[in-house]
Amino acid sequence: VPRLGGVALLVGVECTWIAGVISSRMAGDPSSLHMGIVTLCWGVALLPAVFGGIAEDLTQRLSVRYRLLLTLCTAVLAFVLLDLRVPRLGAAWVDSWMDAAPWLGILIAMVGVAGVPHAFNIIDGCNGLAGMVALIICLALAHVALQVGDRALAAMLIVTAAGTAGFLVWNYPRGMLFAGDGGAYLWGIVVAFGSITLVQRHAQVSPWFPMLLLIYPVWETVFSIYRKVVRGMSPGMADALHFHQLIYRR
């Protein structure tokens, strides 16, 4: 079974984002999406992480350390090209610290962008699981983006959800195509970008809303690291004790 579902997702998402930008540039912006340079910056910033995942899918030789480095490169590009940062955490005393030290918001955003792709990779172990989680989260973020009038952000998330739905036709239930690391990283990057952008642009959106949407993959990652550390194992070492694996076995 090919592990190159990430390539199909990347091509579909990137081509449709570009089509949205072209449509928005036409006279009168008939789509009313107002997709512009920010959309193209999203498309560029996610490439290091996704290409790293695809390289692992093709070779099975790219270590976790190098893939983490590539997701960090994507996080740096997100700050440089998109100025992504977490502006607040919803607690007055913490927010006052973040106002006094803006680098805290930048650091939180970079940790999120670098970490969420690996969280999706961890839960990508049963046909349809990671894809359905990504689909639900993208649609939830898009719904709130539409409520606050951010049509461009909603369009980018809906495109990702649509590409994921097309992938799931082949992935669930028979597993004729796997997302691989490339697909998991693409889901994680788009969800991280969308979550931070939604909170950054719209003060009425709680920063804990995206965290609640992501609680399953995030908690799976945090608990996995804890479980391995207390056993004296490297957090990067694979095991078969993730939640979906326990459910499958029992």
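Here are a few notes on the cysteines, the nonpolar core and an aromatic cluster in this predicted model.

1. Let's start with the cysteines. Searching the whole structure turns up zero disulfides. C15 is in none, and the nearest cysteine sulfur, in C41, sits 18 Å away. C73 can't manage a bond either, because its sulfur is 17 Å from the closest cysteine sulfur, again that of C41, and a disulfide needs the two sulfurs within 2.5 Å. As for exposure, C15 is partly exposed at 48% relative accessibility, and C73 is also partly exposed, at 34%.

2. Next, the inside. The largest nonpolar core holds 61 residues, and W17, M35, W42, F120, L186, W187 and F193 have the most contacts inside it. Helix α9, residues 180-201, gives the most to this core: eleven residues.

3. W42 is a good one to click on. Leaving aside residues up to four places away in sequence, W42 touches W17, L82, L153, M156, V190, F193, G194 and T197. W42 is buried, with a relative accessible area of 1%.

4. Now the rings. There are six aromatic pairs in total. In one of them, W17 and W42 have ring centres 5.8 Å apart and planes at 80°, so they meet edge-to-face. That pair joins helix α1 (residues 5-25) to helix α2 (residues 37-45), across 25 residues of chain. W17 is buried too, at 1% relative accessibility.

5. W42 also pairs with F193: the centres are 5.5 Å apart and the planes at 70°, so this is edge-to-face as well. Here helix α2 meets helix α9, with W42 and F193 151 residues apart. Both W42 and F193 are buried. Put together, W17, W42 and F193 make one aromatic cluster.

Key. Residues are numbered from 1 along each chain as its sequence is written. This is a predicted model: local features need pLDDT of at least 70, side-chain atom pairs count only at pLDDT 80 or more; totals for chains, interfaces and linings use all residues. Side-chain values use heavy atoms; hydrogens and water are left out. Buried means under 20% relative accessible area, exposed over 50%, partly exposed in between (1.4 Å probe, protein chains only). A nonpolar core is a set of buried Ala, Val, Leu, Ile, Met, Phe, Trp, Tyr and Cys residues joined through side-chain atoms within 4.5 Å. Helices (H or I, at least four residues) and strands (E, at least two) are DSSP runs, numbered from the N terminus. Contact means heavy atoms within 4.5 Å. Rings of Phe, Tyr and Trp (its six-membered ring) pair if their centres lie within 6.5 Å; planes under 30 degrees apart count as stacked, over 60 as edge-to-face and the rest as tilted.
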